[in-house]
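Biologist: I have not seen this structure before. Please show it to me, and then I will ask how the terms used for it are justified.

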Amino acid sequence: MKNQIEQCPKCGGNEIGKGRQAGDAAVFPLGKIISLGSAIIHRICTHCGYVIESHVENPSKYKG
Ligand SMILES: [Zn+2]
């Protein structure tokens, strides 16, 4: 696998930081009563703040 260079589609910056969003903003699986939410990992341009992509930390929780 190649180590791809990420570039911000907004400003062209290539310094991409990672952020973890948790706590009250956690995402919970729809329709599941007993379960904890997952934190979301964001990849953020450190120049303009644009969020390039987001994904949940534990995607298997969201399987039907
Ligand atoms: Zn940017």
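Modeller: Let us start with G19, which is found in strand β1. Keep in mind that this is a predicted model.

Biologist: Why is G19 called buried?

Modeller: Buried means under 20% relative accessible area. G19 has 18% relative accessibility, so G19 counts as buried.

Biologist: Which residues is G19 in contact with, leaving aside its neighbours within four places in sequence?

Modeller: They are I40, I41, H42 and I44. In addition, the C-alpha atoms of G19 and R43 are separated by 6.3 Å, although these two residues are 24 apart along the chain.

Biologist: How do you know that β1 and β2 are paired?

Modeller: A pair needs at least two bridges between the strands. Six bridges join β1 to β2, so the two strands pair, and they run antiparallel. As one example of residues facing each other, R20 stands opposite I41 in β2.

Biologist: What joins β2 to β3?

Modeller: Five bridges do, again with the strands antiparallel. Set against the minimum of two bridges, five is enough, so β2 and β3 count as a pair. Along β2, which covers residues 40-45, I40 has V56 as its bridge partner in β3, H42 stands opposite S54, and I44 stands opposite V51.

Biologist: What makes β1 and β3 the edges of the sheet?

Modeller: The three strands form an open sheet in the order β1-β2-β3. β1 (16-21) and β3 (51-56) each have a single partner strand, so one side of each is left without a neighbour in the sheet. From one strand to the next, the twist averages 20°.

Biologist: What else is there in the secondary structure of the protein besides the strands?

Modeller: The secondary structure comes to zero helices and three strands. The pattern read along the sequence is therefore β-β-β.

Biologist: Why is β2 described as largely enclosed by the rest of the structure?

Modeller: Five of the six residues of β2 are buried, and that is why the strand is described in this way. For the protein as a whole, buried residues make up 19% of the 64 residues.

Biologist: How do you know that H42 is buried?

Modeller: H42, in strand β2, has a relative accessible area of 14%. The cut-off is under 20%, so H42 is buried. Leaving aside its neighbours within four places in sequence, H42 is in contact with G17, K18, G19, Q21, V51, E53 and S54.

Biologist: Why is the pairing of the side chains of H42 and Q21 called a polar contact?

Modeller: A polar contact is a pair of N or O atoms within 3.5 Å, one able to donate a hydrogen and the other to accept it. The distance between the side chains of H42 and Q21 is 2.4 Å, so the contact falls within that limit.

Biologist: Which residues coordinate the zinc ion?

Modeller: The donors are the SG atoms of C8, C11, C45 and C48, at 2.3 to 2.4 Å. Donors must lie within 2.8 Å of the metal, so these four qualify. In sequence, the donor residues are spaced C-x2-C-x33-C-x2-C.

Biologist: What makes the site of the zinc ion tetrahedral?

Modeller: Four donors count as tetrahedral if all angles lie between 85 and 135 degrees. Here the angles among the four donor atoms are 104 to 115°, so the site is tetrahedral. The ideal angle for four tetrahedral donors is 109.5 degrees.

Biologist: Are C8 and C11 buried or exposed?

Modeller: C8 has 4% relative accessibility and counts as buried. C11 has a relative accessible area of 42%, which lies between the 20% and 50% limits, so C11 is partly exposed.

Biologist: Where is G49, and what is its phi?

Modeller: G49 belongs to the hairpin of β2 and β3, which has five residues between the strands, and takes a positive phi near 90°.

Biologist: Why does P29 count as buried?

Modeller: P29 is in the loop between β1 and β2. Its relative accessibility is 5%, under the 20% limit, so P29 counts as buried. P29 and K61 are 32 residues apart in sequence and 6.9 Å apart in space, C-alpha to C-alpha.

Notes. Residues numbered from 1 in each chain as written. Predicted model: local features only at pLDDT ≥ 70, side-chain atom pairs only at ≥ 80, totals over all residues. Heavy atoms only, no water. Helix = DSSP H or I, 4+ residues; strand = E, 2+ residues; numbered from the N terminus. Axes fitted to C-alpha atoms, helices over the stretch in contact; angles between N-to-C directions. Donors = N, O, S within 2.8 Å, 3.2 Å for Na, K, Ca; no water. Tetrahedral: all angles 85-135°; square planar, octahedral: opposite > 155°, others 65-115°. Buried < 20%, exposed > 50% of the residue type's maximum accessible area, 1.4 Å probe, protein only. Contact = heavy atoms within 4.5 Å.
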